[in-house]
Amino acid sequence: MTNNDVLRSVRYMLNLSDAQMVSILALAESEVTEAEMNSFLKKDDEPGFRACPDVIMGYFLNGLIFQRRGKSEDAPEPSIERKMTNNIIMKKLRVAFDLKTTDILEILKMADFAVGQSEIGAIFRKPGHKNYRECGDQILRNFLKGLTQKIRPTKAKA
């Protein structure tokens, strides 16, 4: 998944405006204008679309952690990765939404995507570990879909 896809998903999930997206970035001490954010949120084929750089995505996810969980003076600030992967995005979303492995399994089940607990554990391991597994686009997409359903449940049609 592209960084732009993740930004659009999180924006929809949390019902955020462009200004709120910029303020989340500001929490991680990154300066992005509303116009720049707007260009990151456009669809790939729309005029004015700009690909979101990995560094901006890192700042956004750290800002999301600070917004949802607060900034801790005791804990070191999360690092800003220069190369963003689906695994890193999953890890940061896990921290931001305070999720355990069982919560992630439940969220994926909400999106009709069944995965084993060991498979999820492998995604959160460090690269180089013998059981490390790369997180595919399908898992991340279904995780975002399930998380959206959990946070923004749709009303049942009468």
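Start with helices H2 (18-27) and H3 (34-41): H2 and H3 are roughly perpendicular to each other, a label for angles of 65 to 115 degrees, while under 35 counts as roughly parallel, over 145 as roughly antiparallel and the rest as oblique. Their packing angle is about 105°, and their axes are 9 Å apart. Axes here are lines fitted to C-alpha atoms, for helices over the stretch in contact, and angles run from 0 to 180 degrees between N-to-C directions. The helices themselves are DSSP runs (H or I, at least four residues), numbered from the N terminus; strands would be E runs of at least two.

Before you click further: this is a predicted model, in which local features need pLDDT of at least 70 and side-chain atom pairs count only at pLDDT 80 or more, while totals for chains, interfaces and linings use all residues. Residues are numbered from 1 along each chain as its sequence is written, and side-chain values use heavy atoms, with hydrogens and water left out.

Now show side chains where H2 meets H3. Select Asp-18, Ala-19, Met-21, Val-22 and Leu-25 on H2, then Glu-34, Met-37, Asn-38 and Leu-41 on H3; these make the contact (heavy atoms within 4.5 Å). Colour them by class and you get 6 nonpolar, 1 polar and 2 charged residues. For that colouring, Ala, Val, Leu, Ile, Met, Phe, Trp, Tyr, Cys and Pro count as nonpolar, Asp, Glu, Lys and Arg as charged, and the others, Gly among them, as polar.

**Out to the loop**

Next, follow the chain past H3 to Asp-45, which lies in the loop between H3 and H4. Is Asp-45 buried or exposed? Asp-45 is exposed, with a relative accessible area of 70%; the cut-offs are under 20% for buried, over 50% for exposed, and partly exposed in between (1.4 Å probe, protein chains only). Try a distance from there: Leu-105 is 60 residues away in sequence and 34 Å away in space, C-alpha to C-alpha.

**H1 against H4**

Now bring up H1 and H4. Their axes come within 10 Å and cross at roughly 25°, so H1 and H4 are roughly parallel to each other. The crossing is left-handed, meaning that the near helix is turned anticlockwise from the far one by less than a right angle; clockwise would make a crossing right-handed. For the contact, pick Asn-3, Val-6, Leu-7, Val-10 and Leu-14 from H1, plus Asp-54, Met-57, Phe-60, Leu-64 and Arg-68 from H4. By class, that gives 7 nonpolar, 1 polar and 2 charged residues.

Stay on Asn-3 for a moment. At 9% relative accessibility, Asn-3 counts as buried. Beyond its neighbours within four places in sequence, Asn-3 is in contact with Cys-52, Pro-53, Asp-54, Met-57, Met-84 and Ile-89. Gln-149 is 146 residues from Asn-3 in sequence, yet 20 Å from it in space, C-alpha to C-alpha.

**H5 and its surroundings**

Select H5, residues 86-96: 8 of its 11 residues are buried. Those are Asn-86, Asn-87, Ile-88, Ile-89, Met-90, Lys-92, Leu-93 and Ala-96. What covers them? The cover includes H1 (3-14), H4 (54-69), H6 (101-110), H7 (117-123) and H8 (137-151). Just past H5, look at Asp-98, whose phi is positive, near 50°.

Add H8 to the view. The axes of H5 and H8 come within 10 Å and cross at roughly 25°, so this pair is roughly parallel too, and the crossing is left-handed. Asn-86, Ile-89, Met-90 and Leu-93 of H5 meet Asp-137, Ile-139, Leu-140, Phe-143 and Leu-144 of H8. That contact has 7 nonpolar, 1 polar and 1 charged residues.

**Into the core**

Keep Leu-93 selected and expand. Not counting residues up to four places away in sequence, Leu-93 touches Val-10, Leu-61, Leu-64, Leu-99, Phe-143 and Leu-144. In the largest nonpolar core, of 45 residues, Phe-60, Leu-93, Phe-97 and Phe-143 touch the most other members. Such a core is a set of buried Ala, Val, Leu, Ile, Met, Phe, Trp, Tyr and Cys residues joined through side-chain atoms within 4.5 Å. H1, H2, H3, H4, H5, H6, H7 and H8 each give two or more residues to this core, and H4 gives the most, with 6.

**Last stop**

Finish on Thr-101 in H6. Thr-101 is buried, with a relative accessible area of 18%. Aside from neighbours within four places in sequence, Thr-101 is in contact with Arg-94, Gln-117 and Ile-120.
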